[in-house]
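Please look over the sequence and the structure below before reading on, and keep both at hand while following the paragraphs after them.

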Amino acid sequence: MKHKNSHLFSICLMTCTLLAFGCKGNSSLSISSSLESFSSTELTYKDKADIDKELLGCFNYFNDCPNLTEGSAGYGLTQDRLSRRGLASIAATGFSLACYPSFVEMNYITKAEGEKRTLNTYNTILRLQNDSTQSYGGCLYHFMDKNSGVHTDCEISTIDTAILLGGVIAGMEYFTDNSSIRAKGNEIWSNVDYTLFKHKTQGTGQLISMGCDSSHNLLSDWDMTAEQLMMYVFGAGNPNASHQLDKTSYDAFKKPYSTYDDYKVFYSWNGSIFTYQFSHAFIDFSKYKDANGLNWWQNSVNASLASRQFSIDYQDEVKSYSEYAWGLTACDTPLGYSGALGALPRGGGKTDNYAEIEGTIAPCGALGSIVFTPDYSLSSLGYYQSLKNLNDSTYGLMDSYCLDFGGTTDWYCDDAIGIDKGITAMMLYSYKNPMFNQNLVMKNTNILSGLNTLGFTETK
């Protein structure tokens, strides 16, 4: 789902002061071991203050960056990043919708305001879905003009639409007194026809394409484990029976696995930690296993622990890394945005320029894993907030940083990215108020039906 406009980068060789944040040790976990508790410790006053500080920054992003102009054709569309005020992404819009319920709970906005934003955003989405120049099979373009909603020269994206659906379903299940929200939310969901994106055959099923171009030519496929897990659940649970995916598309994508430091991980191509987080921001997989016994929640626990251990193991070579600075993920780097960052195990080898970008750390990496590795992620939050140049007075932690970039200069990103603030906000709130966001989506009976169709059963 992350942006595809990666750039070339310069090496980050840096020194990292390891602060004593009292991180507790976790034993190695196999994929079949008992689940890691997302509430392993009682939050201290400092923990709560740290979380609330970053949640306020995330709120400010999702309060300032959506188009909230009454009557605007682009109402509700949310900026892709802080610095590009005219460009919205459909994924950032999905995160906005998903965060509104928690912002109401935190008294940042009233419930009436949350309802208004949600309903009016649904109206915008429906208008775009019903415009054949703006969508295909109910799926929307990745990027669009924030004010008009007119798409840029980009792809129609299946995964970014899935993130949007996650936000739509969360709104439906929170604002339950508003019948229009439920009716229009179901209409949006029903419009999304992932069966149109069935593409190449792999094994006994057809893979789902990552999207299509403006002529509706299908692009490359979701052919292995990545962030698209939610897409199959939303597809299988679609309220429109004629648009429902069956189990074969879930079975079709490869699920390779390997170990790193005894952590067994069904890994993604780039190893970016966001690929193990995004689906879990919306769906609680902790109590489910698939037909082959795979528990995706435990896999994300293991991937997070492996990612942290990777940073520890390589901290003498890549000096941004430490036990507090981990969770390599797609983010801004000193020379541009990259989707290549990721820890072992991973499907692809290092790219020609990987060494030039691997020293860049994005706080959303460790923070997005807080429900999987609470003690470690809380320690990382405290560390990141101790880095003065990484903190913005309004929007909290900026996207990323690289110490001693090029061997001489510390680099700190001066921008914030909507999807990174979104995963941070959702996971921090779901840790502070256990599984709040996921429980909302799981209240929807179509989600449960989708899990059943895909062969998921509750763990004993």
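What follows is a walk through a predicted model, taking aromatic rings, then cavities, then strands.

The aromatic side chains offer a convenient place to begin, since the count of aromatic pairs comes to 28. One of these pairs joins Tyr61 and Phe62, whose ring centres lie 5.1 Å apart with 70° between the planes, an arrangement that is edge-to-face. Are these two residues buried or exposed? Tyr61 has a relative accessible area of 0% and is therefore buried, and Phe62, at 0% relative accessibility, counts as buried too.

A pair with another geometry is formed by Tyr232 and Phe253: their planes are at 10° and their ring centres 5.2 Å apart, so the pair is stacked. Which parts of the chain does this pair tie together? Tyr232 belongs to helix α6, which covers residues 229–236, while Phe253 is found in the loop between α7 (247–252) and β10 (257–260), so the contact of the two rings connects parts that are 21 residues apart in sequence. Both partners fall under the 20% limit for a buried residue, because the relative accessible area of Tyr232 is 1% and that of Phe253 is 3%. The pair also has a wider setting, for ring pairs link Tyr232, Tyr250, Phe253, Tyr257, Phe266, Phe285, Trp296 and Phe456 into a cluster.

Tyr250, a member of that cluster, has a charged neighbour as well, with Lys255 lying over the face of its ring at 4.6 Å from the ring centre. A contact of this kind is also found at Tyr174, where the charged end of Lys111 sits over the ring, 5.4 Å from its centre.

From the rings the description turns to enclosed space. Rolling a probe the size of a water molecule over the atoms shows where empty space is left. In this model the count comes to 4 cavities of 30 Å³ or more, and the largest cavity holds about 100 Å³ of space. Of the 13 residues that line the largest cavity, Thr225, Ala226, Leu229, Thr275 and Trp296 are the closest to its centre; Trp296 is also part of the ring cluster described above. Helix α8 (residues 296–313) gives the largest share of this lining, 3 residues, and by class the lining divides into 6 nonpolar and 7 polar residues, with no charged ones.

The second largest cavity, with about 70 Å³ of space, is lined by residues that include Glu54, Pro363, Asp399, Asp420 and Lys421. The elements that give two or more residues to this lining are α10 (363–367) and α12 (418–432). What classes of residue make up the lining of the second largest cavity? There are 5 nonpolar residues, 1 polar residue and 4 charged residues.

The strands complete the tour. β10 pairs with strand β11 (residues 263–266) in the antiparallel sense over 4 bridges, and Tyr260 stands opposite Tyr263 in β11. The hairpin of these strands has 2 residues between them, and there Asp261 takes a positive phi near 50°.

Elsewhere, 3 strands form an open sheet with antiparallel pairing, in the order β1-β2-β5. β1 (78–79) and β5 (143–145) are the edge strands, each of which pairs on one side only. Strand β2 (residues 87–89) is joined to β5 by 3 bridges, and these strands run antiparallel; Ala88 stands opposite Met144 in β5.

Note on methods: Residues are numbered from 1 along each chain as its sequence is written. This is a predicted model: local features need pLDDT of at least 70, side-chain atom pairs count only at pLDDT 80 or more; totals for chains, interfaces and linings use all residues. Side-chain values use heavy atoms; hydrogens and water are left out. Rings of Phe, Tyr and Trp (its six-membered ring) pair if their centres lie within 6.5 Å; planes under 30 degrees apart count as stacked, over 60 as edge-to-face and the rest as tilted. Buried means under 20% relative accessible area, exposed over 50%, partly exposed in between (1.4 Å probe, protein chains only). A charge sits over a ring if NZ of Lys or CZ of Arg is within 6 Å of the ring centre and within 35 degrees of the ring normal. On a 1 Å grid over the protein atoms alone, a cavity is a set of points where a 1.4 Å probe fits but cannot get out, and a pocket is an open set with protein on both sides within 12 Å along at least five of seven lines; lining residues have an atom within 4 Å of a point. Grid points are joined across faces, edges and corners, and a volume is the space filled by probe spheres set on the points. Ala, Val, Leu, Ile, Met, Phe, Trp, Tyr, Cys and Pro count as nonpolar, Asp, Glu, Lys and Arg as charged, and the others, Gly among them, as polar. Two strands pair if DSSP finds at least two bridges between them.
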